[in-house]
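Me: I am new to this structure and would like to go through it carefully, one question at a time. Could we begin with the cysteines and then turn to the strands and helices?

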Amino acid sequence: MPSSPKFFHARSSPSSSSSTRRLRVLIFSCLLIGLAGFVFGFVAILSSSSGYKCRNSGEARSVRVVWERGSDGVGNGNGGVSNEGQKRYKVMGFVGIQTGFGSVGRRRSLRQTWMPSDRQGLQSLEEATGLAFRFVIGRTNDKSKMSELRKEVAEYDDFMLLDIEEEYSKLPYKTLAFFKAAYALFDSEFYVKADDDIYLRPDRLSLLLAKERSHPQTYLGCMKKGPVFTDPKLKWYEPLSHLLGKEYFLHAYGPIYALSADVVASLVALRNDRQVHFLHDLPFFRMFSNEDVTIGAWMLAMNVNHENNQALCEPECSPSSVAVWDIPKCSGLCNPEKKLLELHQKESCSKSPTLESDD
């Protein structure tokens, strides 16, 4: 039988013993270095995951998305995003509250209810929930309105300003510009589109977004179907109804819905890539008249996971309600300036415990 290789013999020779000792020292050193690296790496992970990063109280909170090119604040209307000199702030969810120039009263009521009006209060809410909140508005050629907006921005510092004309008929374009701007400026797990006429529980929204999900591409909302509006006299008339048939496909109600980061990344890439502009000629990549239908169509075409949650569209405050509005009577709260304040006075709306769901 052939003899065993010499490196299996502990006492083969002095040189072999010396080599063995050196090998042991080398292995021990490597283990120490590896252990140190593991410890530092683990500490770094703990530091980064212990909380989402929020801007400190000394930093400006409002985000200007390149429309302030002149004294009147009018840009070129391309919805462009500038992120020069800014980092993407890490949050679990970014909530863009869609608002307009005629909604000063709504914003005032919101700041008196679930959205703090002072910077320190808003920062505390963001740190507690892992969510960031900004009012989202476009621009106008009306210098007087722009001047009033600048004063409000300076006072509250809670806006995201888009380089797109603020007009109801252009809501689908504004919504896509919002997702594009939000993705460029915030590194978020979810991007939430919300209207300024709903009563929201940020603590419950945080729990909903934090749930574990097996599907990375998620479209979360209160899902609906319904007849396509073909009468030009109706508010939600759809000029492209011939492409849709008699009934809408499954899509989320417009007052509030959320898209996961993977979905928004795909949406941004699709809108930016000139090679796929031909897709806009296909029915599901058209810009429909209604913003919620437009986003719903794109989500259907992108084959994302639809997650239906009725807590996002409850007509009354309940132990599980995340968003409250007057469904189906109004697309939001009826008389929101008054109703927001009334709801906030109810203990069931503002002070009831936040319970983790079992589903």
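Reply: A disulfide here is a pair of cysteine sulfur atoms within 2.5 Å. Please keep in mind that the model is predicted.

Me: How many disulfides does the count come to by this rule?
Reply: One disulfide joins Cys 222 to Cys 313, with an S to S distance of 1.8 Å. Another joins Cys 317 to Cys 349 at 1.9 Å, and Cys 330 is joined to Cys 334, also with S to S 1.9 Å. By this rule the count comes to three disulfides.

Me: How many residues apart in sequence are the parts that Cys 222 and Cys 313 tie together?
Reply: The disulfide between Cys 222 and Cys 313 has an S to S distance of 1.8 Å. Cys 222 lies in strand E7 (residues 218–224), whereas Cys 313 lies in the loop between strand E9 (305–308) and strand E10 (323–324), so the pair ties together parts whose separation in sequence is 91 residues.

Me: Are Cys 317 and Cys 349 buried or exposed, and how many residues apart in sequence are the parts they tie together?
Reply: Both Cys 317 and Cys 349 are buried. The torsion about their S-S bond is about 100°, so the disulfide is right-handed. Cys 317 lies in the loop between E9 and E10 and Cys 349 in helix H10 (residues 347–350), so the parts tied together are apart in sequence by 32 residues.

Me: Are Cys 330 and Cys 334 buried or partly exposed?
Reply: Buried would require a relative accessible area under 20%. Cys 330 has a relative accessible area of 24%, and Cys 334 has 22% relative accessibility. Cys 330 therefore counts as partly exposed, and Cys 334 likewise counts as partly exposed.

Me: What is the pairing when the bonded cysteines of the chain are numbered in sequence order?
Reply: The joined cysteines are Cys 222 with Cys 313, Cys 317 with Cys 349, and Cys 330 with Cys 334. With the bonded cysteines numbered in sequence order, the pairing is 1-2, 3-6, 4-5.

Me: Which residue in E5 is the bridge partner of Val 95?
Reply: Strand E2 (residues 89–98) is mostly covered, with nine of its 10 residues buried. E2 pairs with strand E5 (residues 186–195) in the parallel sense over nine bridges. In E5, the bridge partner of Val 95 is Val 192.

Me: Which residue in E3 is the bridge partner of Gly 93?
Reply: E2 and strand E3 (residues 131–139) pair in the parallel sense, and six bridges are found between them. In E3, the bridge partner of Gly 93 is Leu 131.

Me: Which residues of H8 make the contact with H5?
Reply: The axes of helix H5 (residues 171–185) and helix H8 (residues 291–301) come within 8 Å and cross at roughly 55°, which makes H5 oblique to H8. H5 passes H8 in a right-handed crossing. On the H5 side the contact is made by Leu 171, Pro 172, Thr 175, Leu 176 and Phe 179, and on the H8 side by Glu 291, Thr 294 and Ile 295.

Me: Are H2 and H9 roughly parallel or roughly antiparallel to each other?
Reply: Gly 105, Arg 106, Ser 109 and Leu 110 in H2 meet Pro 336, Glu 337, Leu 340 and Leu 341 in H9. The axes of helix H2 (residues 104–111) and helix H9 (residues 336–345) come within 8 Å and cross at roughly 5°. Angles under 35 degrees count as roughly parallel, and H2 and H9 are therefore roughly parallel.

Definitions and conventions: Residues are numbered from 1 along each chain as its sequence is written. This is a predicted model: local features need pLDDT of at least 70, side-chain atom pairs count only at pLDDT 80 or more; totals for chains, interfaces and linings use all residues. Side-chain values use heavy atoms; hydrogens and water are left out. Helices (H or I, at least four residues) and strands (E, at least two) are DSSP runs, numbered from the N terminus. Buried means under 20% relative accessible area, exposed over 50%, partly exposed in between (1.4 Å probe, protein chains only). Two strands pair if DSSP finds at least two bridges between them. Axes are lines fitted to C-alpha atoms, for helices over the stretch in contact, and angles run from 0 to 180 degrees between N-to-C directions. Angles under 35 degrees count as roughly parallel, over 145 as roughly antiparallel, 65 to 115 as roughly perpendicular and the rest as oblique. A crossing is left-handed if the near helix is turned anticlockwise from the far one by less than a right angle, and right-handed if clockwise. Contact means heavy atoms within 4.5 Å.
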